[in-house]
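Subject: Structure handover

Dear colleague,

I am passing the structure below on to you, and my notes on what was found follow directly after it. Please read them with the structure open beside you.

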Amino acid sequence: MSQQQKQNDIHWLTGQFSDRQKEVSYRHSIESNVRSDARLALILASAIFAMFGITDYNLLGLTQEYYLLLAMRITVVSSCVAIAFIIGKAGGYADKAWLHALPLWIFAIGIILIVPLRPESLSTQVTSIAVAIVAFYLLIPNLLTVAALASAFVSITFLATAMIYAGVTAEGAVRIGLLLAMANIVGYSSLRRLERLQRQQYALLNEERDQNRELLQEIKHRKSLEAQLRMVAERDTLTGVDSRSYFMKRAQALLQRSRLEETPFCLFMIDVDHFKKINDTWGHTQGDVILTKIAEVCQHSLRPTDIIGRFGGEEFVVGLPHTSPNDATAVAERLKQGVEALSLDGEFKDLQLSVTIGVAVATPEDDLDTLITRADNRLYEGKRDGRNQVVTSS
Ligand SMILES: Nc1nc2c(ncn2[C@@H]2O[C@H](COP(=O)(O)OP(=O)(O)OP(=O)(O)O)[C@@H](O)[C@H]2O)c(=O)[nH]1
């Protein structure tokens, strides 16, 4: 049996969860319903019990027995109404089950006290006791164990008092006993079935909730994995700028849009000058650090609407929508100066960084590859003419 099955196990006799914790949490879950149901049932049962005062009067008249019965009924009814009120205010079903059990015992004693005071109405009382037993099980919300004990007490003491005070013979007692046993069996089986069903439903609901919670966690985990995968696909892991493929996708869309809207679009190819020397002098790891710093400077020199990607090695590519050739050249100059002014400390203190930038201005006929090739050609011219410069296509 799994841990879950063990927790959901319901005792065959009591109809309660065998697991104490589970039983407590179940009772907590039905607490507010039990409170209002118990209050209503107690008021109803008290009213019925009080109404039988009329038959007392018809049978006994204003005799001493009648006044005794009246006093008993008033005591039972007032205590049960008071308990109904207390249950309504503070009748926690999980931690104050005894409070819910109390009225059953008060009713049980009250019902038994009727026998010696009204022995001649025994046949009516047998019916009332049978109805009371069923009511203990089904009308007044309670635990099966409590209802069973109170009902058994009523049955046995009724039989005993009937034999003592109403002169019921052994044969008659067996007949009444059988009738009361039947009422007990019907009540017990019905309540046991109800208790089991309610608890099974509660266990199922909890299982469903747990599964939903697990499902939500799985969805969250998958979403975060998706975000990570997207990040890996879209970002260059070293510098944090767009990956080449993602840049191409975005640049393609921006170029197409600029063509439709007839707005200017420019593209830069940026290459770090003499980067091999940096690698050779300080090693690849330090080369990576410098490459990241350059990417940062480039990114900060651009508008949020511009896009930047790593094209490969120490080469970056920038797309500038809504930018005229003059403005693009100015941005490229600013970017170049930014890299030159990059303050490096420690072992790189004397390192003078520079980049060469080739700028291409899109014409209506250009596709992205043509534009990149043109920017690349301008970059090559810049490298050939001494590096550390911006070359714009005419
Ligand atoms: N640290 C580091 N180096 C890289 C990376 N990708 C490419 N490189 C290096 O960048 C250098 C590029 O060298 P070249 O293409 O000869 O160009 P260069 O030395 O920058 O000279 P010019 O571009 O002509 O100014 C090579 O040494 C590559 O190994 C990288 O991700 N990290």
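Glu262 lies in the loop between α9 (244-261) and β1, and in this predicted model its phi is near 55°, a positive value in a residue other than glycine. Because only 7 other C-beta atoms lie within 10 Å of it, and a residue with 12 or fewer is classed that way, Glu262 is exposed. A second residue to look at in this respect is Asn388, a residue other than glycine with a positive phi, near 45°, whose place is in the loop between α13 (368-384) and β5 (390-392). Asn388 has 18 other C-beta atoms within 10 Å and is therefore partly exposed.

For orientation, the protein chain contains 13 helices and 5 strands, and of its 394 residues 33% count as buried. Among the contacts in the protein chain with a separation of 6 or more, 70% are accounted for by residues 24 or more positions apart.

The nonpolar cores come next. In soluble globular proteins, nonpolar side chains tend to be buried together. Here the largest nonpolar core has 43 residues, and those with the most contacts inside it are Phe268 and Val359. Strand β1 gives the most to this core, with 7 residues. If you centre your view on Phe268 and leave aside its neighbours within four places in sequence, you will find it in contact with Val317, Val318, Ala332, Ile357, Gly358, Val359 and Ala375. Apart from this core lies another, of 40 residues, which has Ala45, Cys80, Ala84 and Ile129 among its members.

Two helix pairs deserve a careful look, and the first of them involves α3. Helix α3 (residues 31-60) packs against helix α5 (residues 97-117) at an angle of about 10°, with their axes 11 Å apart, which means that α3 is roughly parallel to α5. On the side of α3 the contact is made by Ala38, Leu42, Ala45 and Phe49, and on the side of α5 by His100, Pro103, Phe107 and Gly110. Sorted by class, the residues of this contact of α3 with α5 divide into 6 nonpolar, 2 polar and no charged. Ala45 of α3, part of this contact, is also among the residues of the core of 40 residues.

The second pair is formed by helix α7 (residues 144-165) and helix α8 (residues 170-234), which pack at an angle of about 175° with their axes 10 Å apart, and α7 is therefore roughly antiparallel to α8. From α7 the contact takes Leu144, Ala147, Ala148, Ser151, Ala152, Ser155, Leu159, Ala162 and Met163, while α8 contributes Ala173, Ile176, Gly177, Leu180, Asn184, Gly187, Tyr188, Leu191, Arg192 and Glu195. By class, the contact of α7 with α8 has 12 nonpolar, 5 polar and 2 charged residues.

Helix α7 also holds Tyr165, which has 14 C-beta neighbours inside 10 Å and so counts as partly exposed. Tyr165 and Leu117 are 48 residues apart in sequence, yet their C-alpha atoms are 8.7 Å apart in space. Leaving aside its neighbours within four places in sequence, Tyr165 is in contact with Val115, Pro116 and Pro119. A comparable pair along the chain is that of Ala90 and Arg35, which are 55 residues apart and whose C-alpha atoms are separated by 8.6 Å. Ala90 lies in helix α4 (residues 64-90) and, with 10 C-beta neighbours inside 10 Å, counts as exposed.

There remains the ligand, and the question I would put to you is which of the 16 residues around the ligand come nearest. They are Asp273, Phe275, Lys276, Gly287 and Gly313. The elements that give two or more residues to the shell around the ligand are β1 (265-272), α10 (275-282) and α11 (284-300), and the largest share, 4 residues, comes from α11. By class, this shell has 4 nonpolar, 5 polar and 7 charged residues. Strand β1 thus appears in two places in these notes, once as a contributor to the shell around the ligand and once as the element that gives the most to the largest nonpolar core.

With kind regards

Notes. Residues are numbered from 1 along each chain as its sequence is written. This is a predicted model: local features need pLDDT of at least 70, side-chain atom pairs count only at pLDDT 80 or more; totals for chains, interfaces and linings use all residues. Axes are lines fitted to C-alpha atoms, for helices over the stretch in contact, and angles run from 0 to 180 degrees between N-to-C directions. Angles under 35 degrees count as roughly parallel, over 145 as roughly antiparallel, 65 to 115 as roughly perpendicular and the rest as oblique. Two residues are in contact if their C-beta atoms, placed from the backbone, lie within 7 Å. Ala, Val, Leu, Ile, Met, Phe, Trp, Tyr, Cys and Pro count as nonpolar, Asp, Glu, Lys and Arg as charged, and the others, Gly among them, as polar. A residue is near a molecule or strand if its C-beta atom, placed from the backbone, lies within 6 Å of it. A nonpolar core is a set of buried Ala, Val, Leu, Ile, Met, Phe, Trp, Tyr and Cys residues joined through C-beta atoms within 7 Å. A residue is buried if 20 or more other C-beta atoms lie within 10 Å of its own, exposed if 12 or fewer, and partly exposed in between; C-beta atoms are placed from the backbone.
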